[in-house]
Amino acid sequence: MAWKTPYNSTGVNLEPSVSRVPLSDPIFRRISRLADAEGVRAFVVGGYVRDHYLCRPSTDIDVVVVGSGIALAEALGRELHAKVSVFKTFGTAMVRVRGIEVEFVGARRESYSHDSRKPRVEAGTLEDDQRRRDFTINALAWSLNGDSFGELVDPFGGLDDLDACIIRTPCDPDVTFSDDPLRMMRAVRFAAQLGFTIEDETFEAICRNAARIKIVSRERIMTELNKIVLSPVPSMGFELLELTGLLKLIFPEMHRLKGVERRGKHAHKDNFVHTLKVLDNVARRSDDLWLRWAAVLHDIAKPLTKAYDPRAGWTFHGHEVLGSKMVPAIFRQLKLPMNEHMKFVQKLVFLHLRPIILSEDLVTDSAVRRLLFEAGDDIEALMTLCEADITSGIDAKVRRYLANFELVRRKMKDLEERDRIRNFQPPITGEIIMKTYGIGPSRVIGEIKEVIKNAILDGEIPNDYDAAFGLMLRLAAERGLRRPEEGKE
């Protein structure tokens, strides 16, 4: 049975705009004239055609030539005095014109061996080329030749599938997905991006062929997974990945969030469902890929920290600490970048409970200062994540939490203006202490620095040099340190 989206429309407009005439850009008439002069048939195929009918912007044009795509690209390059990038291994060529990328390829048919996704390629007809496409909505073609300019070639009913909001393969889905298993990820991605339904046979074929995803490189999988994370309602994509069996193969840590365990009257919430609600909440507020990944991973350690207390019920103590430690390994496994983006996600996972705890208790200046100090410039992203993390079905509880978060925000603004805590470094450094007392690095210097930092964060002294220096003198005297000039007296 096909998976049906329970969500409202993502806002895709399926009626082509009257003002958007197919092939209205002058580049198409140039290609048409050159194709006729070369004596070849040429067609615009795939995403550019699909996106016209969806009224989505597109600057990438794929031109299929029944003949040599490279020769037609070189002819266009000569006429426009534009650079032509030729990729002979793949039989393709690229021409960039006014911010538009036009890729030319010869029409071809493909066949695959079972243990590889690299096809054997030979020249073919337009229909051969359309048949090898992943989905019917990506197999639409417009003729570019003068005698049939702009005519739609749609042998597999792609336009009807666009109208019905369906993802379907142009031929046997088992063959389509076995040949190139990444197409299973692409089916999920298009469903999530467009709010479409995966047709029954296509959906069932993904379930049957899910294990084939293992032969696809992590890098190619991540390209599709990131597009799912960035889709309008990303939970749709993750639910599809889980239902088809793909999620446990490509991202087992997230798969393990699923499920509810009960003991007596105690049951915890389904952390997979909760994570998807948080992700959708963040998606409504931000297009930032890494903030969305923080939402995906914020509770990732809950299965490993789950414990049962007969009185309190289920607990997940320390899941934010363990989760932050898991982030680097997950990024490495998924081939996500091991750079400042990973550190940002790690920080937000570690801190994601802090504003919630603040909102439950009396909001003290000290606690807010510490939050500002630890979050630094990422404080707004952290607050967005924490507000998205309130997924209770009890409206009064949600309103109470959000009101308390607003109180935390106001207190942060006041303290930031007064104390300049965000990204602050204590005015007294280790170098100042060593120079003042003529000593080298030692444990006592770290102790003095830590006490000064905590005194500023707790509001015991202001965040300025004179107050911090005075406290340093007192702390040093308590520890038996003397300034060199004091020893001469």
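Let me begin with a convention for helix pairs: angles between axes under 35 degrees count as roughly parallel, those over 145 as roughly antiparallel, those from 65 to 115 as roughly perpendicular, and the rest as oblique. The axes themselves are lines fitted to C-alpha atoms, for helices over the stretch in contact, and the angles run from 0 to 180 degrees between N-to-C directions.

What you have in front of you is a predicted model, in which local features need a pLDDT of at least 70 and side-chain atom pairs count only at pLDDT 80 or more, while totals for chains, interfaces and linings use all residues. Residues are numbered from 1 along each chain as its sequence is written, and side-chain values use heavy atoms, with hydrogens and water left out.

First, the chain as a whole. The protein chain has 25 helices and 15 strands, where helices (H or I, at least four residues) and strands (E, at least two) are DSSP runs numbered from the N terminus. Of its 489 residues, 50% are buried, and here buried means under 20% relative accessible area, exposed means over 50%, and partly exposed lies in between, with a 1.4 Å probe and protein chains only. If we take contacts, meaning heavy atoms within 4.5 Å, between residues at least 6 apart in sequence, then 68% of them join residues at least 24 apart.

I would like to turn now to helix α10. This helix covers residues 234-244 and is mostly covered, with 9 of its 11 residues buried; among them are Met-236, Gly-237, Leu-240 and Leu-241. How does α10 pack against α13, in angle and in distance between the axes? The angle between α10 and helix α13, which spans residues 271-285, is about 150°, and the axes are 8 Å apart, so the two helices are roughly antiparallel to each other. On the α10 side the meeting residues are Pro-234, Ser-235, Phe-238, Glu-239 and Glu-242, and on the α13 side they are Phe-272, Leu-276, Leu-279, Asp-280 and Ala-283. Sorted by type, the residues of this contact comprise 6 nonpolar, 1 polar and 3 charged, on a scheme in which Ala, Val, Leu, Ile, Met, Phe, Trp, Tyr, Cys and Pro count as nonpolar, Asp, Glu, Lys and Arg as charged, and the others, Gly among them, as polar.

Staying with α10, consider Thr-244, which lies in this helix and counts as buried because its relative accessibility is 3%. Its side chain reaches the backbone oxygen of Leu-241 at 3.2 Å, and, not counting residues up to four places away in sequence, Thr-244 touches Phe-203, Ile-206, Cys-207 and Ala-210. After α10 comes Gly-245, with a positive phi near 90°.

The second helix pair is α17, residues 340-351, and α20, residues 379-388, whose axes come within 10 Å and cross at roughly 50°, which means that α17 is oblique to α20. From α17 the contact involves Phe-344, Leu-348 and Leu-351, and from α20 it involves Ala-381, Leu-382 and Leu-385; these residues divide into 6 nonpolar, no polar and no charged.

Also in α20 is Ala-388, which counts as buried because its relative accessibility is 0%. Where in sequence and in space does Val-282 stand relative to Ala-388? The two are 106 residues apart in sequence, yet their C-alpha atoms are 5.7 Å apart in space. Leaving out residues up to four places away in sequence, Ala-388 touches Val-278, Asn-281, Val-282 and Arg-285.

Let me add one polar residue, Asn-226, which belongs to helix α9, residues 218-229, and counts as buried because its relative accessibility is 16%. The side chain of Asn-226 makes a polar contact with the side chain of Trp-293 at 2.9 Å, a polar contact being a pair of N or O atoms within 3.5 Å, where within protein one must be able to donate a hydrogen and the other to accept it, and residues adjacent in sequence count only if both atoms are side-chain atoms. Setting aside neighbours within four places in sequence, Asn-226 is in contact with Leu-289, Trp-293 and Leu-336.

Finally, the backbone. Most residues other than glycine have a negative phi. Arg-98, although not a glycine, has a positive phi of about 50°; this residue is in the loop between β4 (92-97) and β5 (100-106), and Arg-98 is exposed, with a relative accessible area of 57%. Lys-335 likewise has a positive phi, near 65°, and is found in the loop between α16 (319-334) and α17, where Lys-335 is partly exposed at a relative accessible area of 47%.
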